[in-house]
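Subject: Structure handover, with notes on one sheet and some disulfides

Dear colleague,

I am passing on the structure below, together with a few notes that may help you when you open it. Please read them with the model in view.

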Amino acid sequence: MAGFINSLIILLLLFQNICLGFRSPLSVFKRYKDTSRSLSSECLGSSQPVISFGLSDFALDIRMPAVTPKQSDTYLCMSVPLPVDDEVYVVDFKPHASMDTVHHMLLFGCNEPSSTENYWDCDEGTCKDKSNILYAWARNAPPTRLPKGVGFRVGGETGSRYFVLQVHYGDVSAFRDKHKDCSGVTLHLTHQKQPLIAGMYLMMSVNTVIPPGKKVVDADIACYYKRSPMHLFAYRVHTHRLGKVVSGYRVRNGQWTLIGRQSPQLPQAFYPVKYPVDISYDDILAARCVFSGEGRTTETHIGGTANDEMCNFYIMYYMEAKHAVSYMTCTQNANPEMFRNIPQEANIPIPVKSDVLKVMHGHHEETKDSDASYLLPQAKTEEAVILDQDFHIAEALEWPGLDLKLGQVSGLALDPENNLVVFHRGDHVWDENSFDSKFVYQQRGLGPIEQNTIIVLNPSNAKLLHATGKSLFYLPHGLSVDKNGNYWVTDVALHQVFKLGANDKVPLLVLGVALQPGSDKNHFCQPTDVAVDPITGSIYVSDGYCNSRIIQFSPNGMYVMQWGEETSLGRPRPGQFRIPHSLALIPDLSQLCVADRENGRIQCFRLESGKFTREIKHKAFGRELFAVSYVPGGLLFAVNGMPYPGEAESVQGFVMNFSTGEIIDTFIPVRKSFEMPHDIVASEDRTVFVGDVHAKTVWKFASAEKMEHRSVKKAGIEVQETKADGEHKHDSSSGRILGRLRGKGGGGINLGNFFANHKGYSRKGFDRLSTEGSDQEKDEDNGTDSEEECSASPLPPAPSSS
């Protein structure tokens, strides 16, 4: 009997150890449970500060404990311990606040809060040790989502063990009824290791002086980058009342690449970088804030009080975990002379309506009952650029574009106003009689197409806005639109590339010799597509059906270089093509991606050298991949061809993560069916258009979430939160919301103490305000400052023409 009891005890101990091995969050939360503070019944926050879901994930609710600020410009702080001892990752932040009550919130990470009280006045400080910003929210700022596999590291041996929430209550007239406030943020944490670690790079001016009455004052910041590569994906600007525009750039070999540009008088949210930017060793990070001293009677210095100014440019980035540095700062101008070449846009203020300014600076009373949808004229556009790649698109059934009377649709593009541009063949058809064995066009007697071949449509209702291209082309193929609105097209019958102004009847530039196929520097052979680099103006042509090369020309049409060769037997090698059919430029990554049609793959190359960088190939593509399009935020869209007899892969559209190449989503139309989808183009808000050369139509697709929002809005229902399939119940609208700034470890500085001890700075209240200072400036008019699968396949039959 004693032996049985001993065995039972051993089994129980083993079971206990096994359970600990799984590290159920419910067991490791004991320390937190002992020290957590219960929320007031007057708060609508969760009654469970820690919510467990699954073996590895949990949520942590951080809320103000029912406070009532008594005067405007009050800053209150409270702390919450990390409820686990080991290393975890923050992968989502969901804010709970309204600008009617809260001016802004900051969440810090540290190891020792400044106080052990339930909450305290932030004049006492936030943390006794180095405090690093993890999250920032202000002015009903729109959420932005993190890429998958990216998280902020906390806990363990080096990560922060406490969260400190700081809430700035600007105008306390909202508390006339003496209600209690429980604003805060819910964190989603996971024990699962994240392959990429997020962090924050803060650029800030430390010595700018704004003379009274001076119309334009620049504050410039620049630092050389001397670490492992990092990838930028979001930015945030910050100044006080005098700031007009803040811009940030990467400077590489003298070339300025925009990271982000925004008015600091609009909601100071973290917005996605439109074109993901990589930073390499020896690049320069540069930023400029433009101020105006008009209306001031004394010098304005950088500092933290209402009468001071600030110039901050925050950059969100991620790095490989083994090289990750989670917080970096730049407070100098390492190369003042370089700012002579800063792009002119950095000097142009972004106008903001006066009624927007009133709300932004705390004057809510006269507008709080009105529709505030106008408050984010620019931010709303960027809000749709969600970095999380977990979404689904479907046909937009209200789109009337299927009823358009078009010829064979060969090319699609979006112009600078985001209108849809369609290139079609009118009454001409490419068939087996179009060319002889030497690729010479055989139907010249038909003359050029007499209809307008380029039509511009409203992307919402397909209304015709503009038409051109009459009597110019024989067999249209590829189309792109440059940043100035010029149309760039290819004609496979003429073997030429054309640049055409929107209102011009005569081409501005012609490359190639009419009706003469060839393979030298001056001739093309059925060129398929053309792309123009918006940064350098370089022209790239995919050539084509009878050549297997990419050719680069200078902006004025001079031959620069070419790369590519015909595919040999066996598995196609990098740089070999079997009909390079479609081009997608990724300017800020300096890459060009090519739909290598008959090899059923995407190949990407360096713009400056033509060097091969990667291949994206999936079994689901089948043997043909017709077209590819890229949108900021790191997404590729593509369409394949009809399956060969006996093969199962269906014709469909694909959404892919550019960084990894993985397929995120596939889509097909509901009305009609794809016959030969020939080209695809996607906008920054992820609206997708597909042109079909056989069906002679254009489909429109949009995110299912967007269409659901639109449907609900039409029904007159105010939507507060939406939830995508597969999200946890507690997660509602936020998804993997950005807005977090991780800052623990080497390179971090205590900004409050830094400024408080820096000569020339206004010290009063700065430690309280950390890097933000007071945005509750006084109104001087009234005296109160207020990112592969490869498989060899036999040679297919001769490709069909299109």
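A disulfide is counted here wherever two cysteine sulfur atoms lie within 2.5 Å of each other. Please keep in mind that this is a predicted model. By that rule the count comes to six disulfides, and three of them are described here, among them the link that joins C77 to C122 with an S to S distance of 2.0 Å.

This pair links distant parts of the chain, since C77 belongs to strand β3 (residues 74-81) while C122 sits in the loop between β6 (120-121) and β7 (132-138), 45 residues apart. The torsion about the S-S bond of C77 and C122 is about 120°, so this disulfide is right-handed, and both C77 and C122 are buried.

The other two disulfides involve strands of one sheet, which I therefore describe before them: four strands form an open sheet in the order β13-β18-β15-β16, and their pairing is antiparallel. At its edges are β13 (217-224) and β16 (255-262), each of which pairs on one side only, and the twist averages 20° from one strand to the next. Between β13 and strand β18 (residues 284-291) the antiparallel pairing runs over eight bridges, and within it D220 stands opposite R288 in β18.

From strand β13, C223 forms a disulfide with C330 in strand β21 (residues 327-330), a link between distant parts of the chain, 107 residues apart. The sulfur atoms of C223 and C330 are 2.1 Å apart, and the torsion about their S-S bond is about 90°, so this disulfide too is right-handed. Both C223 and C330 are buried.

From strand β18, C289 forms a disulfide with C311, their sulfur atoms 2.0 Å apart, and with 85° about the S-S bond this link is right-handed. Here again distant parts of the chain are linked, with C289 in strand β18 and C311 in the loop between β19 (300-301) and β20 (312-320), 22 residues apart. Are C289 and C311 buried or exposed? Buried means under 20% relative accessible area; C289 has a relative accessible area of 0%, so C289 is buried, and C311, with a relative accessible area of 0%, is buried as well.

With best regards

Conventions
Residues numbered from 1 in each chain as written. Predicted model: local features only at pLDDT ≥ 70, side-chain atom pairs only at ≥ 80, totals over all residues. Heavy atoms only, no water. Pairing = 2+ DSSP bridges. Axes fitted to C-alpha atoms, helices over the stretch in contact; angles between N-to-C directions. Buried < 20%, exposed > 50% of the residue type's maximum accessible area, 1.4 Å probe, protein only.
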